[in-house]
Amino acid sequence: MSQAAGIALDPAAAGTAVTRLRVHWSDRVAHVFLAGACAALAIFLLAPLAAILVKSVQDRDGAYVGLENFVRYFGTPALARSIWNSAWTATLVTAITLPLAFTFAYALTRSCIRWKTLLRNIALVPILAPSLLAAISFIFWFGNQGLLKVLLGSGQIYGAPGIVASLVFATFPHALMILVSALSLTDARLYEAADALGTGAVRRFLTITVPGAKYGIISAAMVVFTYAISDFGIPKVIGGNFNVLATDIFKLVIGMQDFAKGAVVAIVLLVPVAVTYAVDGYVQKRQSALLSARSVPYVPRPSRAFDWSMAAFCWLVAALMAAVLAMAVYASFVKLWPYNFTLSLDHYRLGLVDGGVFPAYLHSLALAAWCATLGAAFIFVTAYVLEKTRGLDGLRPLLRLMAVLPMGVPGMVLGLGYIFFFVREDNPLHFLYGTLAILAVNTVVHYYSSTHLTAVTALKQIDNEFESVSASLKVAFWRTFARVTVPVCLPTMLDLSRYLFVNAMTTVSAVVFLYSPRTTLASVAIVNLDEAGDIGPAAAMASLIVATSAFVCFLYYLAQRALDRTQAWRLP
Amino acid sequence: MEFLSLRNVHKRFGDFVALHDVSLDVHPGELLCFLGPSGCGKTTLLRIIAGLEVQSSGSLVQAGRDISRLPPMERDYGIVFQSYALFPNLTVGENVAYGLVNRRVPRAKREARVAELLALVGLPESVGKHPAQLSGGQQQRVALARALATSPGLLLLDEPLSALDARVRTRLRGEIRGLQQRLGVTTILVTHDQEEALSMADRIVVMKDGAIEQVGAPAEIYQRPGSPFVADFVGRTNLLPASRAGNGRIQVGSHTFDCDLAGAPGNGTLRIFFRPEDVRVRGVQGDTPNSAGARVEKVEFLGAFSRLTVRLDGIEQALLADLSVNDMAELRLRPGDALRVSLPPERLRVFAAP
């Protein structure tokens, strides 16, 4: 009503210029940051992606050939078959992981089983490992010289079975985290109402639980599918002759130096990932209003049969996951598989240190440290400037878009774009090529979206008027940023930092194109060791990465606890 | 000279006009209150004065200086928000000193100023506490101290009390008003609570749909509302359809009443307005001027007084009448009772019907 009246007559609407405030010099500082962040993401995200598009319509000499590369690609049966291979393995992985993770998450949130924290932590362990650890482990279990090879009869683990099994292990925690939070977000009052109406358990599950977690289930499916279709390490190690898109890109670019065809495959890979990403984005948007502030958290009630079956399921899954992890660690200590099972440090000492591979581990540590410090700082400052400062409104939507774009770009594609863009000697940034810096930038961009969104969420929880109050007190925004925003957001910043550290330690896909002999990374070294047949040292390196990630996570945990204890103002 | 002058301040958000050419003067040292329902533009107007929103057109002059295009950092005001916006990781003392640190005030002087301000708002012991350790009312006082620390020429209060419970709110009203009068700082208070506006303000600006409806002292706004909207928004109101009856009288149903018709429209349908407490029931005889027969429909006991719903003979629309405890004790009215009420001519106001 009042709005209708408000719109009515508008004497000043016609022709008058809109007033703008003069910009205070302190706001200019924010604008410089904002523009800088935009430029950085344009150079290190948009430009490489554009380079792929350009490359895909050029021949080897750089002449424009239209869609000829695509025509030739789809005319090559072996390559086109990879599309089908990637699609059905990723679908199968999703179909297996999702029910497993859902049941596990259901047990954690809706049953009265004991040791929930322990079970959860075991199930999350794969996150600390490079994805190819699972592949190595399955080779030790079921490979040609595997302990349980006999179980497979005439079949073999190399190829699709190994890929699917390893991917299920690797994707399980990602699906689990999403589903646990989806299932935690349920209003107990719905269940009370159902009980009061005498609703049966099955009907209750189908009419309340599943619809409530619907968006979480879709989101988890998208994450698992994307991970599975774009993972490189697993099919590289255990795929054998079974080709998928990610390994094709690698073979075409690194093996055959056919950049144009590599670019075509990258675009083919980009399509399903972009689609799932768009679906997920749509779903996330619809989810927001699902739970009101007045919702009552669900508290499970004990039920003997249900709890026992849930406990049995969870411990079985946890045991399988532990078996996968433990095999890689165990094999790294076995002197000579499968002939001499005495334990020794040979693979670490001879294979890694004397083999000259150990520096790769140090490079990874350095990379992870850069990502966890400068990378996390860049992401946080950018999110702050984006959300909490004023002016330069034209750039903000662009920056928002670029910040969430990496979620839809597989690592292999991003990495390929980086070589295309930075390898050219006429690029002023060519000097970055082959340095640790470009690996760090690439890793930060690769994992930008989720860290950015975490930072934004944390910043949105802070009173928006802090900046207004500061301005009224004539205090420049950066003082308030340093004195208030950073201390208040420290727990979130630690989270970002830890996330980037662990991912920098474990990532393979993007960096496999970008490393130079001086900057080989631990995860890439595993690929190379495996290719050379040194699977023992490969297992050693993978174990080293897991141990490092776990240790660093523990340090972060201690830091968080120290924050909670020393900063009493955090507690109400 | 006026302390703050707004001229033709206009604000559009896309197609929606939030403020229609608002012009307003704020006198030095007064407490001016923007009062109106949510969405009336009062907070937008405050934020434009603070430079947190930009007017689409129009000008603002504060203390002789054109501030129309100045960024917040270059304006001279202190502000208190509904959410307090206290920095949670800083102590009360650090919060209050926040604007002083930047101005290179020496430490000893700064501490003295903080102590002075905390004493002023009645929280001398809280200097080392964190905001989360204080109650809502205490937090609001710290926010006030912080806004006053740099001795701004203008104090802006954006619904400062609406997050507090009723009892604290009433007490803080008096405290803020007392403080404002002692310091003599020109203050603008935004509120949707008419009681808050009436009890605190020197002048009230009633707003509706992005335009100023009436400006005046609280008593004026209450007793002589300039429009049916103001009458209805501030206090409880009876509005009855009416028409001119000739010789300066007004016709309401079958009754004719005396009233002041100055300023009322010459013809067409009218409405008469009066407050529930203006309705007299004690000692009303058949020959009392402006009286009419009525019947009690409902009696609502509200503590200090009782609110009766009564129906004048021959008039469909019910009206409210507030009776003191003494009136009620004497008359012992119950639903269904007949009575005679009178409407004092000087309390009746006449508006054009919408």
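**Figure 1. Helix H2 of chain A passes helix H17 of chain A in a left-handed crossing.** The model shown here, as in every view below, is predicted. H2(A) covers residues 25–56, and H17(A) covers residues 395–404. Their axes lie 10 Å apart and meet at an angle of about 40°. The two helices are therefore oblique to each other. On the H2(A) side, the contact is built from Leu34(A), Ala35(A), Ala37(A), Cys38(A), Leu41(A), Leu45(A) and Leu46(A). H17(A) answers with Leu395(A), Leu398(A), Leu399(A) and Met402(A). By class, the contact holds 11 nonpolar residues, no polar ones and no charged ones.

**Figure 2. Helices H4 and H7 of chain A make a right-handed crossing.** H4(A) runs over residues 77–110 and H7(A) over residues 160–184. Here the axes come within 7 Å. They cross at roughly 40°. That angle is over 35 degrees and under 65, so H4(A) is oblique to H7(A). The contact of H4(A) with H7(A) has 22 nonpolar residues, five polar and one charged.

**Figure 3. Chain A is built from 24 helices and two strands.** Its radius of gyration is 26 Å, close to the 25 Å given by the globule rule for 572 residues, so chain A is as compact as a globular protein of that length. The C-alpha trace spans about 90 × 70 × 50 Å along the principal axes of the chain. Of the 572 residues in chain A, 47% are buried. Take the contacts in chain A between residues at least 6 apart in sequence: 82% of them join residues at least 24 apart.

**Figure 4. A cis peptide bond links Trp337 to Pro338 in chain A.** Omega of this bond is near -5°. Most peptide bonds are trans. Where does Pro338(A) sit? Pro338(A) is in the loop between strand S1 and strand S2 of chain A. S1(A) spans 334–336, and S2(A) spans 340–343.

**Figure 5. Asp21 of chain B has a positive phi.** The value is near 40°, in a residue other than glycine. Most residues other than glycine have a negative phi. Asp21(B) belongs to strand S2 of chain B, which covers residues 16–26. Is Asp21(B) buried or exposed? Asp21(B) has 20 C-beta neighbours inside 10 Å, so Asp21(B) counts as buried. The cut-off for a buried residue is 20 or more.

**Figure 6. Asp209 of chain B also has a positive phi, near 50°.** Asp209(B) is found in a loop of chain B. Strand S9 (203–208) lies on one side of this loop in sequence, and strand S10 (211–216) on the other. Around Asp209(B), 23 other C-beta atoms lie within 10 Å, so this residue is buried.

**Figure 7. Chains A and B meet in a contact of 35 residues from chain A and 40 residues from chain B.** Four helices of chain A each supply at least two residues to the side that touches chain B: H1 (2–7), H2, H21 (465–472) and H22 (477–506). Which helix gives the most? H21(A) does, with six residues. The side of chain A that touches chain B has 18 nonpolar, nine polar and eight charged residues. H2(A), seen in the opening view against H17(A), is thus among the helices that supply this side too.

Conventions
Residues numbered from 1 in each chain as written. Chains lettered and ligands numbered in written order. Predicted model: local features only at pLDDT ≥ 70, side-chain atom pairs only at ≥ 80, totals over all residues. Axes fitted to C-alpha atoms, helices over the stretch in contact; angles between N-to-C directions. Parallel < 35°, antiparallel > 145°, perpendicular 65-115°, else oblique. Left-handed = near helix turned anticlockwise from the far one by under 90°. Contact = placed C-beta atoms within 7 Å. Nonpolar A, V, L, I, M, F, W, Y, C, P; charged D, E, K, R; others polar. Rg over C-alpha atoms; globule rule 2.2 N^0.38 Å. Buried ≥ 20, exposed ≤ 12 C-beta atoms within 10 Å, placed from the backbone.
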